[in-house]
Each structure stands twice: as C-alpha cells, then as structure tokens.
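Me: Could you take a close look at one part of this protein for me? I would like to hear about a single strand and then how its surroundings fit into the whole chain.

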Amino acid sequence: MNKFYITSSLPYTNAPAHIGHLLEFIQADVLTRYNRLLGNEVFFLTGTDEHGRKNVQAAEKKEKSPQEFVNEISAGFKELTKIAGISIDKFVRTTDQFNHWPAVHKIWKKLRDNGDLYKAEYEGLYCIGHEAFIKKSELKDGLCLEHQTEPEKIKEENYFFKLSKYKNQIEKLIQEDKIKILPVHRKNETLKLIKDSEDVSASRPKESISWGVPVPGDSGHIIYIWLEALISYLSGIGYADETEVFKKFWPPDIQIVGKDIMRFHTIIWPAMLLAAGLELPKSIYVHGFITVDGQKMSKTIGNVTDPFDLVKKYGVDPIRYYLLREISSYEDGDWSEKKFEARYNADLANNLGNLVSRVVALIEKFFNGSFSCSRRFVSKEIDEKVIDTWKKYNQSIDNFKLHIALENVFSLVGFANLYIDEHKPWAISGNPEKLNIVMTNLIVILLNVAWLLKPFLPETSSNIFEILGADKDGKSWEEKPFQVRPRILFPKI
RNA sequence: CGCGGGGUGGAGCAGUAGUAGCUCGCCUGGCUCAUAACCAGGAGGUCGCGGGUGCAACUCCCGCCCCCGCAACCA
C-alpha cells in the first residue's frame with residue numbers, strides 16, 4: 001500500500017463558487033477515488049484562500065467585515081464539496097490562525113534564516129481608480145486607460161524572495177520530470193517562464209494590505225498572499241508540528257491547478273520548498289478553463305454558472321460525467337445546457353442506462369429475475385475486451401486524460417450493446433448453455449463498467465450494482481445469484 | 001516582436017507521416033431484449049492560406065491570416 005497525497009488549489013474567496021471550481025474539485029476527486037480503489041492510502045486536501053485586499057474590498061461592498069465575508073464564501077465552497085461528492089480529507093482555511101499561520105511563520109523563518117529574503121524598495125504606478133498598482137502597458141499617453149487619470153508614483157519597502165537563486169535547479173528538475181508537469185505543453189510553457197523569472201515580492205507594508213499574515217518579527221509587513229496561500233498544502237497536513245500525518249504524506253504526489261495559477265505552483269512553490277529544505281511535489285496537473293456557451297464567464301455578461309443550480313437540476317453524476325467527459329482534462333472546455341443534454345441522452349440514458357435495462361429485462365424474462373454466474377461461462381473474447389479496457393483506462397488516468405478514460409469505459413458499453421444484437425439472447429432460449437454464456441458475459445461486462453465508473457460516477461456505480469441485485473460492490477458475483485431490481489438508471493431528458 | 005492553445009464533413013470535437021475518425025443531426029435498412037432505445041449501411045470534408053522537406057503531409061519545417069486564453073509580481 002502506498003501513500004498518495006493530492007491537493008486541489010484553494011479557491012480565492014472574493015466570489016462564490018462557479019462551475020470552474022467544480023471542475024477542479026471533480027478532477028481531483030476522481031484521482032482520489034481511483035487511488036483509494038487501488039488500495040493506496042489517500043489524503044485529499046483543499047480549502048479556501050482568504051486573505052488579500054480583494055477579499056477586503058468584496059466584503060466592503062457587502063458591508064461586512066472581512067472575516068464575516070470570507071466565512072460565508074468559504075462555507076459555500078465547503079458545501080460544494082459535499083453536494084458534489086468530493087471526498088476530501090482536509091479543508092484548510094488560510095485565516096485559521098491556529099493551524100495555518102504557524103506553518104506560514106515556520107516557512108518564513110526558514111527562508112529568512114537561509115538568507116533568501118531581503119528588503120528592497122519597490123517602485124510602482126498607483127492608480128486611484130484601480131486602487132492598485134498598474135502596469136505601464138495599461139497606460140495611454142501617461143493616463144490610466146480605464147480611468148483616464150494620471151497614476152501616482154509610489155515607493156514602498158517590500159521583502160523579496162530570492163527566486164533567482166533556485167531557478168536553474170527548478171528548470172533542471174522540470175526538464176527531467178522530477179517535477180512532472182502535465183500536459184506537456186504546460187511543461188514547455190513553464191520552462192520558458194522560468195527563464196524570465198526574477199525575485200518576487202514576499203511582503204507588502206501593512207498600510208497597503210492589512211488582511212493577511214504578519215511577517216514574524218516585523219509586524220509592519222504582511223506576507224505576500226501567494227507565498228502564504230501555497231503553504232496551506234503544508235499547514236493542512238500538520239507541518240507546523242511535524243505531525244505523523246505530515247511525515248506520512250509529504251510530499252504531494254499530485255497537485256491540481258488551473259492554468260492561471262500554474263506559474264505559482266510550478267516555479268515559486270518549488271523554489272520555496274527548496275529554500276525550506278522540503279521535498280518537492282512529484283507532479284502538477286494543469287487544467288484549462290470553462291467557457292459558457294463559448295464565452296468567457298464574466299459577471300458583466302452574467303453567464304457565471306452556479307454549480308449548485310446544476311447539481312440540483314440534473315443530479316451529481318450527470319454533471320460529473322459532463323465535466324469529465326466532454327471537457328478535455330488538458331484543454332479549455334465549454335459548458336452549455338444543450339451540449340449537456342445531448343451528452344446525457346446519448347451516453348448516459350441511451351447507451352449505459354438502456355444497456356442496463358436490456359440486461360435486466362432479459363434476466364427477468366428468461367430467468368424469472370434471478371441469474372447465477374459462473375466464471376467458466378465467461379468467453380475469452382469478453383475477458384480480453386475487459387482487460388484491454390482496464391489497460392487503456394489505467395494508462396489514461398496515469399496521464400491525466402480523464403476524458404479518454406471515460407471514452408474507453410463507454411466504448412465497452414457500446415461493445416455490450418452490439419454484443420446483445422449479435423448474440424440475440426431472446427432467440428436462443430432453447431439453448432441454456434449458450435444463453436448462460438451470453439448472459440454471464442453481459443453481467444461481467446456490466447460489473448466491470450460499474451467498477452470502472454466508481455471513481456468517476458460513484459452513485460451510478462452503486463446504482464448499477466443495486467439494479468443488478470449484486471452485493472455492495474459486486475465482488476462476490478460468482479457466489480450469489482443476481483436478483484434484479486429493475487429501475488431506470490438515467491431517465492431521458 | 002511577451003507566452004500558450006486552436007483553425008478537420010451542417011454542429012461539436014479526436015487524430016498526427018503512409019487508405020481521414022468519433023458524437024449529434026440527416027437518409028436507408030435490421031432487430032424486437034430495451035428508456036421510440038439498440039445494431040448495420042449511406043450522403044456529406046481539396047483537414048485556415050501560401051511555400052518547403054519527404055517516395056508519401058492534416059500530420060514535420062518556414063511565412064501569413066483569423067479566433068481564444070494566460071501573463072506582465074492586480075492574490
């Protein structure tokens with residue numbers, strides 16, 4: 001049994017959860033459940049990233065205190081993990097002063113003692129309209145593009161982290177896949193980004209940002225939120241006290257992140273860990289973004305899709321299925337209700353659901369609803385087909401191609417539908433030997449489909465066992481007869 | 001000259017050197033166990049444009065056009 005530590009990123013709490021957050025949760029959940037199925041000891045961590053000025057501003061708009069505000073948003077994310085069947089072991093909150101902050105301070109001190117933090121003047125252009133520093137590229141004729149005002153030049157003292165000291169080392173680790181970045185185009189992107197990496201700001205003066213973790217021994221400064229938030233992957237498993245959990249699970253086997261925050265995870269984060277003398281994550285999986293009806297999600301357009309509504313309307317597994325199958329694990333994808341319904345009807349209702357109904361009906365009709373399997377009736381052809389499916393499925397998951405893994409499962413479903421047509425069980429009821437072989441093969445395929453689906457569609461998986469009349473996980477399929485319990489698995493929309 | 005992704009039959013996508021494939025839709029046929037489902041066959045594409053390399057390019061190289069995303073220490 002191996003340990004398996006997986007993290008999703010911590011959503012930022014300035015706005016409620018949308019469908020993109022759900023995508024990442026679900027992807028991580030599949031890998032989590034898959035590894036549990038393999039018998040590994042798994043720890044799945046997520047949480048919420050709650051500091052920084054954006055949260056303060058969002059709270060002000062709602063006329064709430066920052067803590068009050070992030071409490072609510074954070075609770076929403078936690079609730080989302082519950083309704084979507086996300087099997088997390090730990091939900092970290094970065095405002096947790098008892099568990100998170102001590103870990104942050106511990107890392108800070110390590111970096112400081114290592115000589116990797118230094119103070120320097122930071123000079124930037126501050127736009128009153130933005131209430132933020134802006135880039136030269138956001139100026140036109142010396143004026144802020146958006147507000148048509150001249151920005152102020154502001155100088156402030158920051159701590160900086162010596163990222164440059166580690167960049168060569170990290171570049172090599174990534175090239176050699178010691179930190180494996182998938183998909184490969186993200187690895188290449190990172191390698192290019194590393195070359196231009198400079199030291200990064202590690203703190204801001206308290207006057208600029210007060211909502212955050214203070215620098216130990218220098219309370220006039222607040223730790224830059226990115227450095228602090230990344231440490232959640234350590235704090236959440238007990239790094240501060242070097243607990244048994246920490247010793248067992250560190251380092252992460254897989255960290256899942258969105259493409260927008262890739263560089264923080266593939267460059268700054270490994271540099272921090274090197275500086276702190278900690279082991280590095282073994283792999284980082286980068287997923288894309290979801291558009292809605294082909295458009296970027298935005299509040300202005302008003303197409304920000306609420307995952308709670310979707311799950312309520314369609315159920316957890318159909319939504320999980322769409323996000324995992326229709327959207328490539330490697331690329332951007334699109335959500336649309338029309339595409340969802342097409343996918344649902346074609347794959348879940350017509351292919352899988354109908355297949356289950358067919359098999360169950362055959363057992364009812366020709367065996368009075370109770371059928372006993374025996375391994376000796378399983379055809380070689382079926383055996384090979386099933387093994388081949390597992391092989392491709394495992395490979396796809398190992399390469400974070402979850403959509404391909406599901407494609408393979410559904411190709412087995414299609415195979416079973418064809419198998420029924422070709423072997424016409426209804427026409428061979430006079431030949432019990434033949435009929436037994438056909439039915440046993442079908443049951444074996446369905447059991448395997450249910451097992452294959454378990455990490456992806458946990459509810460559906462157990463529903464299939466239940467409809468077939470198998471025991472909880474169908475493992476004793478040769479011992480007990482299947483007492484079928486007919487039910488529509490996925491009603492058509 | 002910031003970085004990356006993409007441009008493939010009506011729609012949505014996969015593929016990646018050697019007869020162009022999948023899903024949906026459409027047409028025809030089969031089957032009757034099934035959620036009017038399932039199975040087979042068919043129509044429909046000069047694989048963005050222009051060059052180059054190869055016996056052979058959608059697939060490699062160069063240039064161009066068009067879409068999209070990310071980033072520039074805003075977390």
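Reply: Happy to help; here is a walk from one strand, β15, out to the rest of chain A.

A word on the ground rules: this is a predicted model, in which local features need pLDDT of at least 70 and side-chain atom pairs count only at pLDDT 80 or more, while totals for chains, interfaces and linings use all residues. Residues are numbered from 1 along each chain as its sequence is written, chains are lettered from A and ligands numbered from 1 in the order in which they are written, and side-chain values use heavy atoms, with hydrogens and water left out.

Strand β15 covers residues 283-287, and five of its five residues are buried. Buried here means under 20% relative accessible area, exposed means over 50%, and partly exposed lies in between (1.4 Å probe, protein chains only). Strands are DSSP runs of E with at least two residues, helices are runs of H or I with at least four, and both are numbered from the N terminus. In a regular strand the side chains alternate between the two faces of the sheet. In β15, S283, Y285 and H287 lie on one side, I284 and V286 lie on the other, and both faces are covered.

Now for the partners of β15. Two strands count as paired if DSSP finds at least two bridges between them. Strand β9 (residues 180-182) runs parallel to β15 and is joined to it by three bridges; here L182 stands opposite Y285. Strand β14 (residues 254-258) also pairs with β15 in the parallel sense, over four bridges, and V257 stands opposite V286.

A second sheet makes a useful contrast. It is open, with three strands in the order β11-β13-β12 and antiparallel pairing. β11 (203-205) and β12 (214-215) stand at its edges with a single partner strand each, so one side of each is left without a neighbour in the sheet. Two bridges join β12 to β13 (residues 218-223), and P214 has I222 as its bridge partner in β13.

Next, the helices and the nonpolar packing. Helix α12 (residues 316-325) has ten of its ten residues buried, among them R320, L323 and L324. A nonpolar core is a set of buried Ala, Val, Leu, Ile, Met, Phe, Trp, Tyr and Cys residues joined through side-chain atoms within 4.5 Å. The largest such core has 100 residues, and L323, L352 and F456 have the most contacts inside it. Helix α16 (residues 432-453) gives the most to this core, with 14 residues. Contact means heavy atoms within 4.5 Å; leaving aside neighbours within four places in sequence, F456 touches residues including V30, R320, L324 and Y393. A second, separate core has 56 residues, including L45, L117, Y233 and F264.

Just beyond α12, S328 sits in the loop between α12 and β18 (333-335). S328 is buried, with a relative accessible area of 19%. The C-alpha atoms of S328 and F400 are separated by 9.8 Å, although these residues are 72 apart along the chain.

Finally, the whole chain. Chain A has 17 helices and 20 strands, and its C-alpha trace spans about 90 × 45 × 40 Å along its principal axes. Of its 493 residues, 55% are buried. Among contacts between residues at least 6 apart in sequence, 75% join residues at least 24 apart.
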